[in-house]
Amino acid sequence: MSAEDLEPPAVERESVALGILYGCLACLMWGASPIVLRFTVQHDLPAGDIVAVRFGVAGLLLLPLVLRHGTAGLGWWRSLILACGAGAPATLINVVGLSIAPADHSGVIGPSSVLLFSALGAWLLLGERPGSMRLAGLAVVLLGVGLIGWESLTNLGVETLEGDLLFVLGGVLWAGYTVASRAWAVEPIHATALVAVISMVIYLPLYLIFGAPTLHEAQIVEILMIAGVEGVLSSILALLFYTRAVKILGAGRGAVFLALLPGLVVVMAIPTLGEIPTWLELVGVATVSLGMIGALGLLELRRAS
């Protein structure tokens, strides 16, 4: 085999490695979000205030970019669709769901829904047909996510069904953002800016008019923590890295990283909140990690080389 024959797989491996790096960075940043949210909720800061700080900070920081470049050729309708998928509407749906169903359900149902609907959408709409190894990997990832949340999911009740359905709807919206950003070949920085600014424009007026702002009663440390983690890390950097991962790896493979979130939260909660995971949760984390090897197509890429 000549050097020329080896060059394409080598280039593809390098590109895949970069996409994996972006996806892992995004998940690390998003993984910190539940820890901060749990801390702030314990200090009685309402969810509406948290969402306002998140998109207010992100929107103001990225507003100059949108004012200068507009939609960068994407159009306002497409921009609105992206904002619905990864911005304030999806966040509010998840918050309402959390008021009805346990947080553990969100950590399992949400990522699983994103993974399934992203893979299905990428297959039907973009022609990203997964191979047998990737399908097996997806199944193993979903098994691992289920193991992490097994104890909470076995306590399903009629009263939590509406909340769980909202988590599914939130997952569908995120899957829509994932597939749309890939289909429209959006530039990650423009997509991130549009999501933040449109979310700010939609949410803040409604929050100020119909909400009950209590930020003036919060401690400055709490506000700065939310602004940094939610407004900068989650809404800007994490979304930027995730969109880049989707652009490089495709919608189906890019969404796999969201399945890491339940396991990351379990691990990160040990030193920060002192919450010790059960053995079943640890097995689930290990299972997700193994399944990602197949779900990302790494075995197929190795075989191709």
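L233 lies in helix α10, in what is a predicted model. Helix α10 spans residues 220-249 and has a kink of about 40 degrees centred on L233. The relative accessibility of L233 is 27%, and the residue therefore counts as partly exposed, the limit for a buried residue being under 20%. When residues up to four places away in sequence are left out, L233 touches M29, G228 and A238. The pair formed by L233 and M29 is separated by 204 residues in sequence, while the C-alpha atoms of the two are 5.9 Å apart in space.

The chain as a whole is helical in its assigned elements, with 14 helices and zero strands. Of its 305 residues, 48% are buried. Contacts between residues at least 6 apart in sequence were also examined, and 91% of these join residues at least 24 apart.

Helix α10 also takes part in the largest nonpolar core, which comprises 49 residues. The contribution of α10 to this core is eight residues, the most from any element. Within the core, the residues with the most contacts are W30, L82, W174, Y177 and Y242. For W30, the contacts beyond four places in sequence are with R54, W174, S234, A238, L239, Y242, L258 and L261. Two of the residues in this list, W174 and Y242, are themselves among those with the most contacts inside the core. A238 is touched by W30 and also by L233.

One cavity of 30 Å³ or more is present in the structure, and the volume of the largest cavity is about 30 Å³. The lining of this cavity consists of W30, R54, F55, A86, W174, V195, S234, S235 and L239. By class, six of the lining residues are nonpolar, two are polar and one is charged. Helix α2, which covers residues 47-69, and helix α10 each supply at least two residues of the lining. The most comes from α10, with three residues. W30 belongs to the lining, and its contacts include the lining residues R54, W174, S234 and L239.

Past the end of α10, the backbone at G250 adopts a positive phi of about 100 degrees. G250 is located in the loop between α10 and α11, the latter comprising residues 251-254. With a relative accessible area of 0%, G250 is classed as buried, whereas L233, at 27%, is partly exposed. Outside its neighbours within four places in sequence, G250 is in contact with E128, R182 and A245. Between G250 and S118 the C-alpha distance is 9.8 Å, at a separation of 132 residues in sequence.

S118 also appears among the contacts of S113. S113 is found in helix α5, which runs over residues 103-126. The relative accessible area of S113 is 7%, so this serine is buried. Besides S118, the residues in contact with S113 are F167, V168 and G171, again leaving aside neighbours within four places in sequence.

Notes:
Residues numbered from 1 in each chain as written. Predicted model: local features only at pLDDT ≥ 70, side-chain atom pairs only at ≥ 80, totals over all residues. Heavy atoms only, no water. Core = buried A, V, L, I, M, F, W, Y, C linked by side-chain atoms within 4.5 Å. Buried < 20%, exposed > 50% of the residue type's maximum accessible area, 1.4 Å probe, protein only. Helix = DSSP H or I, 4+ residues; strand = E, 2+ residues; numbered from the N terminus. Contact = heavy atoms within 4.5 Å. 1 Å grid on protein atoms, 1.4 Å probe; cavity = no way out; pocket = protein on both sides within 12 Å on 5 of 7 lines; lining within 4 Å. Points joined across faces, edges and corners; volume = space filled by probe spheres on them. Nonpolar A, V, L, I, M, F, W, Y, C, P; charged D, E, K, R; others polar. Bend = angle between axes of the 7 residues up to and from the residue.
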